[in-house]
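Subject: Structure handover

Hi,

Here is the structure I promised to pass on. Please open it alongside this email; my notes follow below.

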Amino acid sequence: MMRSLYSGVSGLKTHQVKMDVIGNNIANVNTTAYKSSSITFNALMSQTTKRASGPNALTGVGGTNARQIGLGVKSGAINTNISGQGSSQSTGNPFDIMITGDAFFVVNNGVSNYFTRDGSFYVDGGGNLAMTSTGYNVMGWQVDEETGNIKKDTVTALRIMNDANMTYPPEATSQAHISGVIDSNDTDVTGVNGKSMNLNFFDALGYSYTAKLVMKQSDNPHVFSLELDRILDSTGKEIRDNTGATIDVKSLVKLSDVPRSMAKKTTVGLDTTAYAWDGNQLKTATTPATTLADLTTMFDANGELVDLNTTCFTENGVNVTVGEAIDNIAKAHGFEGSTDEFLKLAMEDPANAGQYVKMSQLLHNAATGGTPAFPLMDTTNNSVEMDGRVFDGIIVNYNADTGKFNGINVENPAANTFMLNFSALGGNFSDIKVDMAQSSNYDKKGTSTIGADKGDLSPNKLGSGRRLGEMIGLTVQDNGMIYATYDSGMTKLLGQIATALFANASGLEKNGDNLYSATLNSGEFDGIGVDITADGGYMTTGQLEMSNVDLSSEFTEMITTQRGFQANSRIITVSDTLLEELTNLKR
């Protein structure tokens, strides 16, 4: 009877342990990434009162089984449902990360590595990715500075918000493209001002500029002149050289050193109703406009204009600049508001067939006695048919039959690209390679859609350049790679969260705070870890893994545990009653 008492006691103890396990599961029903536990019972040792015997063939007596009396129950094993995936809980926090699969995050307290499924992270004051609850650093792999790829070496703390990552360096624009339709019936294209296009670009320091490009039609409706008109900074001011003078940007896009006429005949004549020329002075009815002496100060020895802001002459105490004097000459010949176009007119040199002399050079020759001189600088005031304007840029050809782009420059029809030689400006400017392959010459009801944009024709628009970028966000991909995004449109790989896999994950030892440590039975951590996608797992941001405790199962187990405890208590009660009857025999 004493044996039954002790068996009942062992039953009470083991059921109490089971109740402890159940209670711990229910207590952690809302613990992030908690893995439920279960207990199994083993029978305690048995007392053998008679051993088993075998059958005796001589006597014909059969064998008998052993007689054993069990002495109770004990706790067998407490197992953790480590592989059971908990449900997901949306949090909206980009640094809350849930693992789907069998892997574990690796965290470090400064001394040792631990493992967890709790992906509630944040960025601490030092810029490190850390556990919200303990502050332990999340471990991962760093980026190789030479290749820009992840270097899978011994895991280290992921510092993602250091000074180097807060900004993205600027880059000069190196490629651009011109695409769209240019319509030969577009009045902008056929007019003196041409079809304007803005190409926005960056220098190496990230400063933005606008290159003003112009396409003008020749006498051939499928041949155009593409010219660089001027370059403006971000404030809209025209860029100047170190002396403050306006830079002659025409040479930055140049066909050749020899001016080439567009062969679009233009009649130029002096408006004698408003102006008069006496062989020395151009004047209105009341005011001198300019004189031959003034012309000598307008141009240099090569016939190129000097700074337009330079004073040319003084009339009635008022300074007249070179630009204003040139405007007067242009207006007198019907080119009001188109001074630049007037200076681009050219005529064939009588002494050199096929060579064209620009208006600027002709005016200079008129003032200095050179030849050929501007034919209107005499007293006849006759109209003259000029051969046309000259190219200040490149020749763009389109196929007359298909309208498709046919090439750049008559010397090389197959070329699809040309260079904006901005490096000649010095400083932080870089040359820009411009691709025109996607432009075309079609009828679009008089409206051209052609335009310029930085970057090449690929979807990523390579060579676009950029300004200095400020970090505006961080994202974690499903493989644990962390990217920073910048307001310049760039992204940068900052590191990758490493994970650990174990041959026997249920062999990990719980250390509290949702942490585990490796044991001899779980398998060792090699210090490097694995990519979570290696076993088909992945990470999800903005979500946390919930506890995998099943309350319905736990309450069912609680009922059976309660009944088991109750039954064992009855064993003790009944055994006590039997002992009481035995002691009462002496009465």
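Start with Glu 545 and Arg 117. They form a salt bridge, with the closest N and O atoms 3.1 Å apart. Glu 545 sits in strand β41 (residues 543-545), and Arg 117 in the loop between β8 (113-116) and β9 (121-123), so the bridge ties together parts that are 428 residues apart in sequence. Bear in mind that this is a predicted model.

Both ends of that pair are out of the solvent by the usual cut-off, where buried means under 20% relative accessible area. Glu 545 has 1% relative accessibility, so it counts as buried. Arg 117 is at 4% and therefore counts as buried too. The pair also belongs to a network of salt bridges that links Lys 35, Arg 117 and Glu 545.

How many salt bridges are there in the whole structure? The search finds 8. Two others are worth a look.

**Glu 171 and Arg 466**
- The closest N and O atoms of this salt bridge are 3.4 Å apart.
- This pair, too, links distant parts of the chain, 295 residues apart.
- Glu 171 is in the loop between β13 (167-168) and β14 (175-181). Arg 466 is in the loop between β33 (451-454) and β34 (469-476).
- The two ends differ in exposure: Glu 171 is partly exposed at 36% relative accessibility, whereas Arg 466 is buried at 12%.

**Asp 453 and Lys 461**
- Their side chains meet in a salt bridge, 2.6 Å from N to O.
- Asp 453 is partly exposed, with a relative accessible area of 30%.
- Lys 461 also counts as partly exposed, at 31% relative accessibility.

Now the sheet. Look for an open sheet of 5 strands in the order β15-β16-β17-β28-β29. The pairing is antiparallel. Which strands stand at the edges? They are β15 (195-202) and β29 (405-408). Each has a single partner strand, so one side of each is left without a neighbour in the sheet. Ignoring direction, neighbouring strands here are turned by 30 degrees against each other on average.

At the β29 edge, 3 bridges join that strand to β28 (residues 394-398), and the two run antiparallel. To find the spot, go to Tyr 398: its bridge partner in β29 is Phe 405.

I would begin with the network of Lys 35, Arg 117 and Glu 545, then move on to the sheet.

Best wishes

Terms used
Residues are numbered from 1 along each chain as its sequence is written. This is a predicted model: local features need pLDDT of at least 70, side-chain atom pairs count only at pLDDT 80 or more; totals for chains, interfaces and linings use all residues. Side-chain values use heavy atoms; hydrogens and water are left out. A salt bridge is a side-chain nitrogen of Lys or Arg within 4 Å of a carboxyl oxygen of Asp or Glu. Helices (H or I, at least four residues) and strands (E, at least two) are DSSP runs, numbered from the N terminus. Buried means under 20% relative accessible area, exposed over 50%, partly exposed in between (1.4 Å probe, protein chains only). Two strands pair if DSSP finds at least two bridges between them. Axes are lines fitted to C-alpha atoms, for helices over the stretch in contact, and angles run from 0 to 180 degrees between N-to-C directions.
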